[in-house]
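Here are a few notes to help you find your way around this one. Have the model open while you read, and take the points in order.

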Amino acid sequence: MGGPAPTVTGALIRALADCAAIVTLGLAAVPLLESDRYRAELSRKAAGPLALAAAIWLLAEVVRLTVEAAQTAGVGFWQIGVHTLADFGLYTAAGRSGLVGIAAALIVGVVAVLAPRSATATAATIGLAAVGVAARTLSGHLSESPVGGMAVAVHALAAAVWCGVLAALVLTVSHRGQWARVLPRFSQLSLSCVGVLLLAGVAGAVIKLSSPAELWATGYGRVLMAKIAVTVALLVLAWRNRSQWLPAARAHRSSAALSQTRSLVELGIMAVAVTLAAVLAVTG
C-alpha cells in the first residue's frame, strides 16, 4: 500500500469481501441447525440467499484482486493489463489468496443454483466456503509465520461461523417456532466458536507483538486494541442474549420480530469487528 488512501480503500474492499464470504459460509451451514424434519425446507430456503451472497463475494474478490494488483504495479484500477493481473494472481501470496476466494465463491454459487438440496451439497458448500475464508489469511498479518498463520486462519474460521450462521438465521428464519428450534443449537455452536477464536486470537497477538507496549505505540496495536474492545462488547451482548433471549425463544415467549432485532444488533457489532480485522490485515 502506498499511503493512507490506498490502505483505507484496501481495507474497505477486503471488509466487503470478508462479510460476503462470512454470510456465504453461514448460509451454507445454517441447515445443520434445523431438526431432521425441517432441514430440507431450510436448505431450500437458504439456496437463493446463498447464491446471491456467493455472487457478491465473487465480485468483491475480483475487485480486491484487481485493486491490489494495480496498487502493487503502481497503475490505476482501469489501467492494469491482463498480463500484469495474471502475474499478480499467480506469483504473489495476496494474488493466490484472491484466486482461491474467487474459485470458492464461483463454485459455491454454481452448486447453490444447480445442485439439488442434499447432505452432499451442504457439505460441499460448507467445505468450499471454509477454504475460501481460510485462504484469505494467506495475505494478511502473520502470513509469514506458519504458527501465526495457522492461528489467524483458525481465528477467522471460528469468527466466520459465529457471525455467518447468525446472519443466515436472520435471512432464513421467519417464525417463532423455528427460532425456538434453531436458537439453542446456534447458542451451543457460538459458545464453541467464541472459545476457539479467543484462544487463536491471543496466540496470534502474542506471536505478532514483541512487547505489550506495541498495543498503544504502533498503528497495528491500536487497531488491535479497538478490535479487542469491540469483541468484549460483543461477548457481553452475546452472554446477555444467551441468558435472556435464549430461554424466552426456547419457551416460545420471544416473537420472531424480537429475535430478528436482537440478531441485527449483534450483527451490527460483528460488522465493526470484521472491518477492524480487515484493517489489521492490510496494515499488519
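1. Start with residues 93-114. This stretch is 100% helix and 0% strand, and its end C-alpha atoms sit 32 Å apart. Keep in mind that what you're looking at is a predicted model.

2. Residues 93-114 come from a UniProt listing: the unreviewed entry gives "transmembrane region" for 12-34, 46-67, 93-114, 121-138, 150-174, 186-207, 219-240 and 261-282. Try 46-67 as well: here too the chain is 100% helix with 0% strand, and 31 Å separates the end C-alpha atoms.

3. Now zoom out. How many helices and strands does the chain have? There are ten helices and zero strands, so the pattern along the sequence is simply α-α-α-α-α-α-α-α-α-α.

4. On overall dimensions, the C-alpha trace spans about 60 × 50 × 30 Å along its principal axes. As for packing, 47% of the 284 residues are buried. Among contacts with a separation of 6 or more, 75% are between residues 24 or more positions apart.

5. UniProt (unreviewed entry) also lists "domain: Copper resistance protein D" for residues 180-280. In the model, that range is 89% helix and 0% strand, with 37 Å between its end C-alpha atoms.

6. The largest pocket deserves a good look: its volume is about 940 Å³. Of the 45 residues lining this pocket, H155, G201, K227, A277 and L280 are the closest to its centre. Two or more lining residues come from each of α1 (4-29), α6 (146-172), α7 (176-208), α9 (219-250) and α10 (256-283).

7. What is the lining of the largest pocket made of, by residue class? It divides into 32 nonpolar, nine polar and four charged residues.

8. Then there's the enclosed space. The count is one cavity of 30 Å³ or more, and the largest cavity holds about 50 Å³. Its lining consists of L27, A28, P31, S43, A46, L50, R117, T122 and T125. The elements giving two or more residues to this lining are α1, α2 (36-73) and α5 (119-135).

9. Which helix gives the largest share of the lining of the largest cavity? That's α2, with three residues. By class, the cavity lining has five nonpolar, three polar and one charged residues.

Terms used: Residues are numbered from 1 along each chain as its sequence is written. This is a predicted model: local features need pLDDT of at least 70, side-chain atom pairs count only at pLDDT 80 or more; totals for chains, interfaces and linings use all residues. Side-chain values use heavy atoms; hydrogens and water are left out. On a 1 Å grid over the protein atoms alone, a cavity is a set of points where a 1.4 Å probe fits but cannot get out, and a pocket is an open set with protein on both sides within 12 Å along at least five of seven lines; lining residues have an atom within 4 Å of a point. Grid points are joined across faces, edges and corners, and a volume is the space filled by probe spheres set on the points. Helices (H or I, at least four residues) and strands (E, at least two) are DSSP runs, numbered from the N terminus. Ala, Val, Leu, Ile, Met, Phe, Trp, Tyr, Cys and Pro count as nonpolar, Asp, Glu, Lys and Arg as charged, and the others, Gly among them, as polar. UniProt positions are given in the numbering used here, feature names are shortened, and annotations may be inferred rather than shown by experiment. Buried means under 20% relative accessible area, exposed over 50%, partly exposed in between (1.4 Å probe, protein chains only). Contact means heavy atoms within 4.5 Å.
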